[in-house]
Amino acid sequence: MSELIVSVSGVRGVVGESLTREVVERFTRAAASVLEDGAIVVSRDGRANGIELADHVSHTLSAGGRHVIQAGITSTPTTGILVRKFKAAGGIQISASHNPVQYNGLKLFDETGRVLTARQGEQVRDLYLDADSHPLPAETPGTIEECADTLSDHLDRVLATVNSAAIRDQHYRVLLDANHGAGGLLGRPLLETLGCQVHLLGEEPHGNFQHTPEPTATNLASICQAVANVGVDIGFCQDPDADRLAIIDAQGTYLGEEYTLALCVDHVLQQQPGPIVTNCASSLMIEDLARQHGVTFERSAVGEANVVDVMLARQASFGGEGNGGPIDPRVGYVRDSFVGMALVLDAMARTGSSVRALADRLPRYCIHKTQVTVAGKNLATLFDALEDQLDAESASRLDGLRLEWPGQWLLMRASNTEPLVRLIAEAGDAATAEMLCRQAAQIVQSA
């Protein structure tokens, strides 16, 4: 993972090693060549190593004749909002998302405030990799301005999706774990505007994370204990750039990221029925909820850009990814932890229920994940072997291989960075999900 990762969604690596000044400059120029003419918003997620990177990105863009709007520390969904606010040509968010502190990267937005499409991302990647395609500095450098107010538009858009007065009447006690990422900047004013008593952990966005940043059950063990000890109604946990949200109930039990999207979808569909989109690695809970509410449901390939493409094509009322990334078109076509917090609180206030009670009403499944080394093996051959031997009711190669049976499924996808495949299975009980992964691993290893 220390090697530079160049994908259609951006570039990521270890700062000073794989992610060097030269890499940042070349990638920034490539991005500017693909984006439309106009200003570009530059922001970062709070990591200390992002200060110099943001400065370098801004001056590279300015040298190329671009007007730069520096937003400082903001969340990834906020960056998308700012692109729209300033009618900019696009945005560059400096973030390594849930990766460890030594990593950073560049994530790209188009003029609509969404992450680049796969086609645009491929263009940027190809230009970056082509050593002869780097544009020369402009005759007249662009200017750089500081954005004075980065939060108001995003806050207003989120608040417009919920019954703020009803939430305020409940005086919820909320623990928010921003883990010294960007999430606390908007998290506190959002929750306080909603009348919550806020206990905020890791509020200062300096990027020295108190725990491993990916919001998984293992990494949030100390936060679960804090929720139980402090005595709050709900715990919210963000990743460093605040586009993902995990939830902890009042007893300190980790509900997880899959429940974030499911809770939001269930609540939205009760008020605004419409098509729902998620990716092919997300829980069956979402598909079941769409069926219960009588709306169409569609899966995309894994990746935020792919989900957004299908949402736009189907005019979806809601979508997202099961990694805790809800996408609400009323706010923006970016995964957004603030959307998740507001909608879950709105659901609690509307029903008078705890988040545990809301979760218990959802369809129940168990997910198991593992990985298998496949060095030297042909992926198509492995897919064929799995399909032949596991006798699924249906199979899809939209993204890797997804096999489905009633109430359960298995997905095998290749890693983008290592010679291995990732196996994900879901079923009505943990033992069956684990068995599906174990069977698939044995087939892959013997193929």
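I take buried to mean under 20% relative accessible area, with exposed over 50% and partly exposed in between (1.4 Å probe, protein chains only). I am working on a predicted model, in which local features need pLDDT of at least 70, side-chain atom pairs count only at pLDDT 80 or more, and totals for chains, interfaces and linings use all residues. Residues are numbered from 1 along each chain as its sequence is written, and side-chain values use heavy atoms, with hydrogens and water left out.

**Helix α8**

I looked up helix α8 (residues 221–230), where helices are DSSP runs of H or I with at least four residues and strands are runs of E with at least two, numbered from the N terminus, and found I223, C224, A226 and V227 to be its buried residues. Seen down the axis of α8, these fall within an arc of 160° (taken from the directions from the helix axis to the C-beta atoms), so they line one face of the helix. With contact set at heavy atoms within 4.5 Å, the buried residues of α8 pack against β8 (173–177), β9 (197–201), β10 (234–238), β11 (245–249) and β12 (254–256). Just after α8, I noted that G231 takes a positive phi of about 80°.

**S62**

I then turned to S62, which lies in helix α2 (residues 50–63) and counts as buried because its relative accessibility is 9%. Leaving aside neighbours within four places in sequence, I find S62 in contact with V68, P141, G142, T143 and I144.
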